[in-house]
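Student: Please take a close look at one part of this model, the contact between two neighbouring chains, and walk me through it.

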Amino acid sequence: MKPISIWQDFQRIRAEAPLVHNITNYVVMNTTANALLAIGASPVMAHAIEEVAEMAGMARALVINIGTLSTPWIEAMFAAGAAARQRRIPVVVDPVGCGATLFRTSTAQKLIESIKPAVIRGNASEIRALLHAGQPTKGVDSLCTPDEVQEDACALSRSAGCVVVVSGAVDLIVEGNRVARIGNGHSMMTRVTGMGCTASAITGAFVAVNASVFDASAHAMAVMGVAGEIAAERSQGPGSLQLNFLDALYGLQESDLVQRLQAQIPE
Amino acid sequence: MKPISIWQDFQRIRAEAPLVHNITNYVVMNTTANALLAIGASPVMAHAIEEVAEMAGMARALVINIGTLSTPWIEAMFAAGAAARQRRIPVVVDPVGCGATLFRTSTAQKLIESIKPAVIRGNASEIRALLHAGQPTKGVDSLCTPDEVQEDACALSRSAGCVVVVSGAVDLIVEGNRVARIGNGHSMMTRVTGMGCTASAITGAFVAVNASVFDASAHAMAVMGVAGEIAAERSQGPGSLQLNFLDALYGLQESDLVQRLQAQIPE
Amino acid sequence: MKPISIWQDFQRIRAEAPLVHNITNYVVMNTTANALLAIGASPVMAHAIEEVAEMAGMARALVINIGTLSTPWIEAMFAAGAAARQRRIPVVVDPVGCGATLFRTSTAQKLIESIKPAVIRGNASEIRALLHAGQPTKGVDSLCTPDEVQEDACALSRSAGCVVVVSGAVDLIVEGNRVARIGNGHSMMTRVTGMGCTASAITGAFVAVNASVFDASAHAMAVMGVAGEIAAERSQGPGSLQLNFLDALYGLQESDLVQRLQAQIPE
């Protein structure tokens, strides 16, 4: 993975301002929208069953995030997903808290089965729970290391037929047996709510402009990690990190990627 | 429009802390409430059908924003609007994303017809969509310049019988054939989600303390623009802009208005 | 109340990362989650009737906040509260806007009667409204001083059988006739939305690690006040206060508590 390839996607997002339709959770709607705006994309949030298919029909990517789930929202997720699939626009599914409750695990599994997403992005325990329902997780936090779940991620990628991204100290991007690793980021990012959700939303913007879902997903995670590092260096804590992260996304330069990228890619 | 008149409204808001009832979207609730608090108003968010009429009955202005619409919320918007109309408190309607889906356009049109708002505030494409249903917009962003929609804004003002505010590089405030223009603001504000929604909420605070809806709306847009400029000068990107904007609203001085106001008003 | 006791709770939160289940309002979900993360706790937001009992069953504390109430959420609050009670995990109830509408007052009263919370935390007018239904409050702001409501707080504590916390310029922590006072904090905090909601959430984290509900509640309010002071000293307004507050929570030192704590406790 070369910085120039990431940068080309990034510039395309800025130039084309792809509309990314988000059906996401209440906690992160504001920060997710701001992150998409900061990189130059056009976010829209809409969840009413009356309009989701029409909205997904205008968008270039759909991001579905189950962080604060309820029945009417689930119906909208299925309807939007069906519209996206029909129009062949990529869908990113973020199974927030999957494994914490049967409701979340079951909903995430059904969504993935029905929608056939282009990308599933979660933390290690969420990805693991998608494969091994029944093992409880501790809320929305991750209990296993990325290495422990690489096998699961590969298995999920094969069974779901999509790219699987596992966020962690080292991010994994998996497609079948192909694995890329991104070592960027900063531990303080785990103290800001919704950083994973933001990664999923940003992945939506990248898959909107790059037909290689694997590359786009890896590029998105690289941008998250590099912007997170830049932001953490300027921050006294998670409050300032949250805003410095948006500023870093907004002001990201190709040279930042060149200097900082820590990526391992398949040969 | 003179800075002193804007300042008088501003001081009245700080002194009287008018209660502004918001039925708004999930994305901006936090920033909207914070902007109202920063200028000295008292925000309340309430959307349950069981309480909206009672809450609107206590408020001095009602702000209805359709950014993340669903059926139960629409019912609450009509009920709150009816209560506001009965009590003759001013209502501001923000038709977020109007034109993007039939559901939004139709809901906004019905709300305006039923509630008879004092102010409609949107971007150019939203205002245009209210008049010319069927022309799709690109999500919540504007595709037309303020000049192109001035005619539409005047037509909408006449047909809806209210003040129409069109946000853009130059803001238009229209009542019938009367047009004021505010040239303040900064392009970086378009990279922060909900700045338009904040403008609508702040307009709610101004119409609560100034019986001239036209003047109050223009004053609100002037304050938005001047505070946005001050904030942008202090900011590295949209993350810091968001917080500097709240600080600028909080610390706004009459001298800021005197030095910065770029307004054209009808003679 | 000694700084060392507060610090012990704080370190326990950082070490154990207790899962705090929040059913709270849309306005503050993001800032509440971030505040819990900043002190080292693990927040989870979940409100679907299908999962709240299961989620509350994993958590070490439950925080119920009625700031943007609606019927489905109320059902979830009762279900989660029942699960928490059965598992004997502490529940904090925040009666936001209680007194403003009959719907809120009645819901808050029924929740408290049914759930038997460990802590009720509100501002003076909310606490007063819980005892004297029928006296309208002005939205979510407080109209009475803490001293005026101490008698009410004690009465509520006795009738509800729990700790009552009244936020204000001086915070009151009441259990029966026992009263502690915390004089920390800063007036600018009242210009940031959801600071009270954050106090309730943080109280959830403290009662999760300290079996003395009275001590835990007082410790939580002390941390809120001290972090608020530190943040206010670094801030130009409520925008920067919001982020500096999270940074101050994150970076809090025992020496900050030693130098700043202004507490009066029962002998």
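Tutor: A salt bridge here is a side-chain nitrogen of Lys or Arg within 4 Å of a carboxyl oxygen of Asp or Glu. By that rule, the count between chain A and chain B is one salt bridge. The model is predicted, and side-chain atom pairs count only at pLDDT 80 or more. The partners are A:Glu51 and B:Arg104, whose side chains meet at 2.8 Å, N to O. Polar contacts across the interface of chain A and chain B come to 13 residue pairs, with both residues at pLDDT 80 or more.

On the chain A side, the elements that give two or more residues to the surface touching chain B are α2 (29-39), β2 (42-45), α3 (52-56) and α10 (238-251) of chain A. Of these, α2(A) gives the most, with six residues. Sorted by type, the residues on this side of chain A divide into 19 nonpolar, five polar and five charged.

Now the extent of the contact. Chain A puts in 29 residues and chain B puts in 31 residues. About 2400 Å² is buried between chain A and chain B, and carbon and sulfur atoms give 59% of that area. On the chain A side, the residues that lose the most area to chain B are A:Asn30, A:Leu37 and A:Tyr250, which together make up 21% of what that side buries.

The next point is how the two chains are related. A turn of 120° with a shift of 0.0 Å along the axis lays chain A on chain B with an RMSD of 0.0 Å. A turn and shift of this kind are the relation of a three-fold axis. In chain A, the C-alpha nearest the axis belongs to A:Tyr26, 3.7 Å from it. The copies use different surfaces in this contact: 7% of the contact residues of chain A recur in chain B.

The contact of chain C with chain A can be set beside this one. There the residues number 29 from chain C and 31 from chain A. The area buried between chain C and chain A is about 2400 Å², with 59% from carbon and sulfur atoms. One salt bridge is counted between chain C and chain A, and it joins the side chains of C:Glu51 and A:Arg104 at 2.8 Å, N to O. Polar contact between chain C and chain A involves 13 residue pairs, both residues at pLDDT 80 or more. Two or more residues each come from α2 (29-39), β2 (42-45), α3 (52-58) and α10 (238-251) of chain C on the side that touches chain A. The largest share of that side, six residues, is from α2(C). Its residues divide into 19 nonpolar, five polar and five charged.

One last item concerns aromatic rings. Over all chains, the structure holds twelve aromatic pairs. In one of them, B:Tyr26 and B:Trp73 have ring centres 5.2 Å apart and planes at 75°, so the pair is edge-to-face. This pair links distant parts of the chain, 47 residues apart: B:Tyr26 sits in the loop between β1 (19-23) and α2 (29-39) of chain B, and B:Trp73 sits in helix α4 (residues 71-87) of chain B.

Methods. Residues numbered from 1 in each chain as written. Chains lettered and ligands numbered in written order. Predicted model: local features only at pLDDT ≥ 70, side-chain atom pairs only at ≥ 80, totals over all residues. Heavy atoms only, no water. Contact = heavy atoms within 4.5 Å. Buried area = accessible area lost by both parts, 1.4 Å probe. Polar contact = N/O pair within 3.5 Å; in protein donor to acceptor, adjacent residues only side chain to side chain. Helix = DSSP H or I, 4+ residues; strand = E, 2+ residues; numbered from the N terminus. Nonpolar A, V, L, I, M, F, W, Y, C, P; charged D, E, K, R; others polar. Least-squares fit on C-alpha atoms with pLDDT ≥ 70 in both. Phe/Tyr/Trp six-rings, centres within 6.5 Å; stacked < 30°, edge-to-face > 60°.
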